[in-house]
Amino acid sequence: MSTRCQGCGACLLTCPTHAIRPHGNPLLVLADRCTGCLECLDVCPVDAIDLIDLADHRLESHA
């Protein structure tokens with residue numbers, strides 16, 4: 001979730017696993033709940049959600 005998030009909540013209502021939670025701005029994404037369905041990307045009116053590859057991120061953090 002980028003700083004472009006305006007807190008409209010569209011992604012909160014769309015996420016089938018409730019992986020996105022209200023937590024100020026930007027919203028909080030619970031990576032362990034995200035299934036990667038990308039429905040949140042489709043509904044975000046300001047393109048505030050950036051998709052990252054968690055596998056790559058985990059590898060970088062252990063290097």
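**A guided tour of the cysteines, the salt bridge and the spaces**

Begin by selecting Cys-40 and Cys-37: the sulfur of Cys-40 lies 6.2 Å from that of Cys-37, its closest cysteine sulfur, which is too far for a bond. Please note that the model on display is predicted. Colouring by accessibility shows Cys-40 as buried, with a relative accessible area of 17%.

A disulfide is a covalent bond between the sulfur atoms of two cysteines. How many disulfides does the count give? The count comes to zero. Select Cys-5 next, which is likewise in no disulfide; the nearest cysteine sulfur to Cys-5 belongs to Cys-11, 6.1 Å away. A disulfide requires the two sulfur atoms to be within 2.5 Å, so the distance of 6.1 Å between Cys-5 and Cys-11 does not qualify. Cys-5 is buried, its relative accessible area being 7%.

Keep Cys-5 selected and turn to the enclosed space beside it. The count gives one cavity of 30 Å³ or more. Cys-5, Gly-7, Cys-8, Cys-11 and Cys-44 are the closest to the centre of the largest cavity, out of 13 residues that line it. The volume of the largest cavity is about 70 Å³. Its lining consists of 10 nonpolar residues and three polar residues, with no charged residue.

Now select Arg-4 and Asp-50. Side chains of opposite charge can pair when their charged atoms come close. Arg-4 and Asp-50 form a salt bridge, in which the closest N and O atoms are 3.0 Å apart. Why does this pair tie together parts that are 46 residues apart in sequence? Arg-4 belongs to the segment before helix 1 (10-14), whereas Asp-50 belongs to the loop between helix 2 and helix 3 (54-61), so the salt bridge joins these two parts. A search of the whole structure finds one salt bridge. Are its partners buried or exposed? Arg-4 is partly exposed, at a relative accessible area of 39%, and Asp-50 is also partly exposed, at 44%.

From Asp-50, proceed to the last stop, the largest pocket. Select Val-29, Cys-34, Ile-49, Asp-50 and Leu-51, which lie nearest the centre of this pocket among its 21 lining residues. The space in the pocket amounts to about 430 Å³. Which element supplies the largest share of the lining? Helix 2 (residues 39-43) does, with three residues. Colouring the lining by class shows 16 nonpolar, three polar and two charged residues.

Notes. Residues numbered from 1 in each chain as written. Predicted model: local features only at pLDDT ≥ 70, side-chain atom pairs only at ≥ 80, totals over all residues. Heavy atoms only, no water. 1 Å grid on protein atoms, 1.4 Å probe; cavity = no way out; pocket = protein on both sides within 12 Å on 5 of 7 lines; lining within 4 Å. Points joined across faces, edges and corners; volume = space filled by probe spheres on them. Helix = DSSP H or I, 4+ residues; strand = E, 2+ residues; numbered from the N terminus. Nonpolar A, V, L, I, M, F, W, Y, C, P; charged D, E, K, R; others polar. Salt bridge = Lys/Arg side-chain N within 4 Å of Asp/Glu carboxyl O. Buried < 20%, exposed > 50% of the residue type's maximum accessible area, 1.4 Å probe, protein only.
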